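Where does a protein leave empty space, and what lines it? Look at the structure below with that in mind.

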Amino acid sequence: MKLITLHLPEPYIKALEQLVDERHYPNRAEAIRVAIRDLISEEVWRRRTDD
């Protein structure tokens, strides 16, 4: 894995912390990885069905 730096608005960070605090994810990095994976999957799938 590669390390990236990401700037997020404070409300996003607070929401990520809430997900971690509620034990939906083990840490913020994992929550962000899942969100990116889901976004990419959805966008690729949507584009394939639009073609």
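This report takes the two biggest pockets in turn.

## The model and the idea

The model is predicted. Empty space shows up when a probe the size of a water molecule is rolled over the atoms.

## The largest pocket

The largest pocket holds about 420 Å³ of space. Its lining is made by 14 residues. Find Ile4, Leu6, Ala29, Ile32 and Arg33 in the structure: these lie nearest the centre of the largest pocket. Two elements each give two or more residues to this lining, helix H1 (10-21) and helix H2 (28-50). The largest share comes from H2, with 5 residues.

Now sort the lining of the largest pocket by class. There are 10 nonpolar residues, 1 polar residue and 3 charged residues.

## The second largest pocket

The volume of the second largest pocket is about 160 Å³. Leucines in its lining are Leu8, Leu16 and Leu19. Tyr12 and Tyr25 line it too. So do Ala31, Ile32, Val34, Ala35 and Ile36. H1 and H2 are the elements that give two or more residues to this lining. H2 gives the most, with 5 residues.

What classes of residue line the second largest pocket? The lining has 10 nonpolar residues, no polar residues and no charged residues.

## Side by side

Ile32 is among the residues nearest the centre of the largest pocket, and Ile32 also lines the second largest pocket. H2 gives 5 residues to the lining of the largest pocket and 5 residues to that of the second largest. Charged residues number 3 in the lining of the largest pocket, while the second largest has no charged residues in its lining.

Technical notes: Residues numbered from 1 in each chain as written. Predicted model: local features only at pLDDT ≥ 70, side-chain atom pairs only at ≥ 80, totals over all residues. Heavy atoms only, no water. 1 Å grid on protein atoms, 1.4 Å probe; cavity = no way out; pocket = protein on both sides within 12 Å on 5 of 7 lines; lining within 4 Å. Points joined across faces, edges and corners; volume = space filled by probe spheres on them. Helix = DSSP H or I, 4+ residues; strand = E, 2+ residues; numbered from the N terminus. Nonpolar A, V, L, I, M, F, W, Y, C, P; charged D, E, K, R; others polar.
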